[in-house]
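Here is a short set of questions and answers for a reader who has not seen this structure before. Please look it over first.

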2 protein chains.
Amino acid sequence: MNMFLGIDIGGTYTKAGLLDRDGNILAFAETDTPKTGGVQAEIASISEILDFFEEPLENVKAIGVGIPGPVDYKGVVFSPPNLNHWGKVDLGRLLSEFFHFPAQNIIVGNDANFAGLAEYKFGNGAQQDPMIMITLGTGVGGAIIIDGEIFHGRNGFAGELGHIVLQPDGPRCGCGRRGCAESFLSHQGIVRIAWEILQKDKGSILWEMIGGEFELLTPKTIQEASNMGDPASCKILDKVSRFLGIFLADLINIFNPQRIVIGGGISKWGKPLIEPAEKVAKKQAMKHIAENVNIVRAKFYQKAGVIGAASAAMSVVDY
Amino acid sequence: MNMFLGIDIGGTYTKAGLLDRDGNILAFAETDTPKTGGVQAEIASISEILDFFEEPLENVKAIGVGIPGPVDYKGVVFSPPNLNHWGKVDLGRLLSEFFHFPAQNIIVGNDANFAGLAEYKFGNGAQQDPMIMITLGTGVGGAIIIDGEIFHGRNGFAGELGHIVLQPDGPRCGCGRRGCAESFLSHQGIVRIAWEILQKDKGSILWEMIGGEFELLTPKTIQEASNMGDPASCKILDKVSRFLGIFLADLINIFNPQRIVIGGGISKWGKPLIEPAEKVAKKQAMKHIAENVNIVRAKFYQKAGVIGAASAAMSVVDY
C-alpha cells in the first residue's frame with residue numbers, strides 16, 4: 001500500500017501520522033519532543049513512534065517533516081528557537097541514513113507552510129488560488145500557496161507573514177523588531193494587550209477568573225469573559241480584532257488572494273474575533289481586491305502539522 | 001522585422017516606443033494624455049503616435065499597454081484615479097478593433113507591474129528570482145516577479161505593495177486607509193513629513209529655498225538642502241529613510257527575495273536615501289532572510305513604462 005508519513009516536530013510534542021493519498025489518517029501517535037540530546041534524540045523518538053505503528057517503511061512512499069522554524073530549500077534546518085539544542089542540521093540526510101529511506105523522498109520544511117498546504121489539499125483552502133494561511137498560536141506563522149504549491153522565495157524562507165509590522169513603535173517581537181503582527185496576535189501578544197487594558201479596569205470579572213495571577217491570563221479566559229459581556233474583555237477583543245483586520249488588509253493588498261485561511265489555537269475564538277476583523281480588513285483593503293477574497297477558519301488544528309507534512313510528502317512523488 | 005510596441009499611459013503623458021526583442025528602443029514618442037473624451041480620445045492619441053512612427057503594424061508582433069491603475073487578468077481597466085473619465089473599459093478589445101490587430105497579441109496591465117518586468121528582463125533586476133520592485137513617485141507602486149513572470153493573484157490585482165500599512169494611525173492615504181507606505185513614501189507623503197518638521201525649525205534653509213511657499217516644497221528641494229547639511233532636511237531624510245527601511249524589511253520577510261529594485265522619481269535621491277533605509281531593513285528583517293537579499297536602484301526611469309509594456313508584449317508571443 002502507498003502511504004505517506006507526516007511528522008510534526010513541535011517545541012513540546014512530536015506527532016506523526018500515516019496517511020493515504022486522500023488525506024485520511026490511518027495511524028497517529030505523539031510523544032514528547034526531547035528537550036536535550038540534539039537532533040539524535042529526536043530521531044530516536046521518531047524511531048519509537050514508527051515501531052509503535054508496526055508498519056514497515058517499504059509501505060511508505062514519502063516522508064514529510066515539519067519544523068517550527070526556518071528550513072532552507074535543501075531541507076537544512078536552521079536551529080529553531082524552540083529546539084535550540086539542535087544547531088544547524090541537514091535533517092533529511094540524517095533521517096535517510098538512519099531509516100535507510102531514499103533521501104529524495106524525504107521533504108523537510110517549515111510547519112506553517114505545511115499547515116497551509118494541508119488546508120489547500122484537504123481542508124478549508126480547498127483548491128483556492130492564491131491561498132494565504134496565517135496561524136495564530138505561540139507565534140504567528142504564514143504560508144503563501146500559489147498554484148497549489150508553497151511559495152518559498154529565494155532560499156526557502158518566504159512567508160514570514162507574522163513578521164510584517166503593524167505598528168512600528170509597538171512591543172518588541174521575538175524576532176527583534178517592534179510591532180510585528182506576532183507581537184499583537186500571538187498568545188503572548190494578546191495577553192500583553194489584555195494586561196494593559198486590565199490595569200485600567202480593576203472591576204473586570206477577568207481579575208476574579210485569574211485570581212489576580214498574570215500567568216493564568218490566556219486568550220481562552222479572555223474569550224470566556226467577553227462571552228459573558230465583561231467590558232474590559234470586549235475592549236481587548238476589539239483591539240485584537242482590529243490588529244487582525246489591519247494584518248488581513250495588508251495580505252489582501254499584497255496577494256489578491258482568493259482565500260485566506262486562519263488557523264492556530266487563537267483562531268478557535270471564532271466568529272467574535274474573525275467577523276469584526278474581516279469587517280476592518282474589507283474596509284481598509286482596496287475595494288476591487290477585497291471583494292474577491294473570502295476569509296475562513298482552518299479545518300485542521302491538533303493534526304494540522306502531521307497532515308501538512310504528509311501533504312508535502314505527497315508532492316515529492318509522482319503518481 | 002519583429003518589433004514590440006510598448007505604450008505607457010500616464011496621468012499626464014502617453015509614451016510609446018518600438019523595441020526589438022533585446023530591449024533596444026528603435027523609436028520613441030510622447031504626447032499629452034487627453035484629460036477628457038474618455039478612452040476614445042486616448043486611442044486617437046495613440047493612433048497619432050503610430051502615424052508618427054511610420055512603421056506599419058504588420059511589423060509589430062505584440063503590443064503592451066501599461067495603465068496607472070488596476071487592470072484585471074482579462075485586460076479590463078478599472079477606471080484609474082488619474083483617468084477617471086474612462087470608466088471601466090476593455091482596452092485590449094478596443095485597441096484590437098481600432099487597429100485591426102489580433103487581440104491575443106495585445107496585453108494590458110498595471111504600469112508598476114510592467115516596470116518590474118522591464119527591470120527583470122533588461123534592467124537592474126536581471127534574472128533575479130524572486131524580484132520585488134517598488135516605485136516611489138506620485139504614488140507608491142509594487143511588482144512581484146516570480147520565475148520571471150508578474151505575480152497577478154486571483155484577479156490580476158496583486159502587488160499593491162504601496163498599500164501595506166507602516167503606521168496604523170498615520171496620515172490618510174489616497175486609498176482610504178491610514179498610514180500606508182504610500183502615505184509616507186510618495187511625493188506627497190514626503191512633502192507632508194517635511195512640512196511637519198519645518199514647522200519646528202523656522203531657521204531651516206529650506207524656508208528660503210521655497211520662499212515660504214508650500215507648493216514649492218518638493219523631494220528635490222529637500223534633497224538639495226540635505227546635501228548642504230541643513231539640519232531640518234537631514235531630519236526629514238532620516239524619517240523618510242526609516243519608513244523606507246521598515247517597508248523593505250516587510251518585503252524581505254514576506255518574499256525572501258533575491259533582489260529588491262527601487263524605482264520612481266524619488267529613488268533618484270540615491271545613496272543618501274537608500275543606504276540608511278537598507279541598514280534599517282537589514283536590522284529589522286529576519287537575519288537568515290535579510291542576508292540573502294540585495295537592494296538596488298532601478299535602471300529605467302522616464303522610459304520604464306514603455307520598456308515594461310514592450311517586455312510584457314514579448315511575453316505573450318512564443319519565439
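Q: Are α8(B) and α9(B) parallel, perpendicular or oblique to each other?
A: In this predicted model, helix α8 (residues 231-255) of chain B packs with helix α9 (residues 271-284) of chain B at an angle of about 45°, and their axes are 7 Å apart. Angles under 35 degrees count as roughly parallel and 65 to 115 as roughly perpendicular. The two helices α8(B) and α9(B) are therefore oblique.

Q: How do the residues of the contact of α8(B) with α9(B) divide into nonpolar, polar and charged?
A: From α8(B), the residues that meet α9(B) include L237(B), V240(B), R242(B) and I252(B). Among those they meet in α9(B) are P272(B), E278(B), K279(B) and Q284(B). The division of the residues of this contact is 13 nonpolar, three polar and three charged.

Q: What relation holds between chain A and chain B?
A: A turn of 180° with a shift of 0.0 Å along the axis lays chain B on chain A, with an RMSD of 0.0 Å. That is therefore the relation of a two-fold axis.

Q: Which residue of chain B comes closest to the rotation axis?
A: The distance is taken at the C-alpha, and it is 2.6 Å. The residue of chain B at that distance is Q167(B).

Q: Which helix gives the most to the side of domain 1 of chain A that touches domain 2 of chain A?
A: Chain A is divided into domain 1 (3-117 + 303-316) and domain 2 (127-297). Their contact takes 10 residues from domain 1 of chain A and 14 residues from domain 2 of chain A. On the domain 1 side, five residues come from helix α3 (residues 111-122) of chain A.

Technical notes:
Residues numbered from 1 in each chain as written. Chains lettered and ligands numbered in written order. Predicted model: local features only at pLDDT ≥ 70, side-chain atom pairs only at ≥ 80, totals over all residues. Axes fitted to C-alpha atoms, helices over the stretch in contact; angles between N-to-C directions. Helix = DSSP H or I, 4+ residues; strand = E, 2+ residues; numbered from the N terminus. Parallel < 35°, antiparallel > 145°, perpendicular 65-115°, else oblique. Contact = placed C-beta atoms within 7 Å. Nonpolar A, V, L, I, M, F, W, Y, C, P; charged D, E, K, R; others polar. Least-squares fit on C-alpha atoms with pLDDT ≥ 70 in both. Domains from an automatic or database assignment.
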